[in-house]
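Colleague: I should be grateful for a close look at one part of this predicted model. Which residues lie nearest the centre of the largest cavity, and what lines it?

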Amino acid sequence: MCLSFNAVTVLCALLIEAGFGYPASLLDRIKHPVVWMGALIESLDRRLNHPSLQEATRRRNGWIALGLLLAATVLPAVAVQFIILQLAGPIALVILACLASTLIAQRSLYEHVAAVANALDAGGLEAGRKAVAQIVGRDTRILDESGVARSAIESLAENFSDAVVAPSFWGVLLGLPGMVAYKAI
């Protein structure tokens with residue numbers, strides 16, 4: 001698969017995700033691919049990372065867990081992409097872009113930061129503190145209005161790389177499997 005097809009696919013995925021986000025109906029029914037990955041990581045952690053194990057064993061088990069995680073996520077993505085690419089070009093593009101859009105989160109970033117701005121505008125400082133507490137780990141009780149706004153923008157900047165830039169980069173470079181691998185790791 002060529003980089004130009006991947007680039008067009010990622011561009012379409014960005015547009016789809018910006019327009020629709022991850023549908024709430026899917027979230028309710030089947031959760032989100034990153035949630036699936038998190039559940040697998042949690043399961044592997046419970047099985048392979050017991051505090052009673054020696055450090056060397058835990059380190060080795062960490063590599064095993066990473067291998068299992070990548071095998072469980074990337075191999076299906078390779079298979080799905082291979083099957084989809086057997087379809088006609090435009091159909092393959094649309095399907096791959098829809099799948100890739102699930103691995104990008106620009107819309108939810110926008111919504112979370114907009115919620116802070118709206119809360120500050122409509123409800124004042126306390127409402128802004130409550131809204132920003134949903135997206136930052138710091139104590140928001142001491143923040144003034146500028147601190148609330150700054151915290152929201154800092155969170156946006158930090159998460160933009162992980163949620164938009166990096167998956168898009170790996171998508172252009174390696175297609176859907178690259179995006180999946182990045183999200184899994």
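**The largest cavity and its setting**

Modeller: The protein has seven helices and zero strands as its secondary structure. Read from the N terminus, its elements follow the order α-α-α-α-α-α-α. The C-alpha trace spans about 55 × 50 × 30 Å along the principal axes, and of the 185 residues, 36% are buried.

Let us now turn to the empty space inside. Rolling a probe the size of a water molecule over the atoms reveals where such space remains. In this model, one cavity of 30 Å³ or more is found. The space in the largest cavity comes to about 70 Å³. Twelve residues line the largest cavity, and those nearest its centre are Thr9, Gln81, Gly171, Gly175 and Leu176. At least two lining residues are supplied by each of three helices: H1 (3–20), H5 (89–101) and H7. Sorted by class, the lining holds seven nonpolar and five polar residues, with no charged residues.

Helix H7, which contributes to this lining, also has a part on the surface. A nonpolar patch is formed there by Leu3, Phe169, Trp170, Leu173 and Leu174, which together have about 470 Å² of accessible area. Helix H7 (residues 145–184) provides four residues of the patch, its largest share. One residue of the patch, Phe169, is located in helix H7. Phe169 counts as partly exposed because its relative accessibility is 46%, and partly exposed covers the range between the buried limit of 20% and the exposed limit of 50%. Helix H7 thus appears in both descriptions: in the lining of the largest cavity and in the nonpolar patch.

Note on methods:
Residues are numbered from 1 along each chain as its sequence is written. This is a predicted model: local features need pLDDT of at least 70, side-chain atom pairs count only at pLDDT 80 or more; totals for chains, interfaces and linings use all residues. Side-chain values use heavy atoms; hydrogens and water are left out. Patches are made of residues with over 30% relative accessible area and no salt bridge: like charges are joined within 9 Å, nonpolar side chains (Val, Leu, Ile, Met, Phe, Trp, Tyr) within 5 Å. Accessible areas come from the Shrake-Rupley method with a 1.4 Å probe; for residues, only the protein chains shown count as cover. A salt bridge is a side-chain nitrogen of Lys or Arg within 4 Å of a carboxyl oxygen of Asp or Glu. Buried means under 20% relative accessible area, exposed over 50%, partly exposed in between (1.4 Å probe, protein chains only). On a 1 Å grid over the protein atoms alone, a cavity is a set of points where a 1.4 Å probe fits but cannot get out, and a pocket is an open set with protein on both sides within 12 Å along at least five of seven lines; lining residues have an atom within 4 Å of a point. Grid points are joined across faces, edges and corners, and a volume is the space filled by probe spheres set on the points. Ala, Val, Leu, Ile, Met, Phe, Trp, Tyr, Cys and Pro count as nonpolar, Asp, Glu, Lys and Arg as charged, and the others, Gly among them, as polar.
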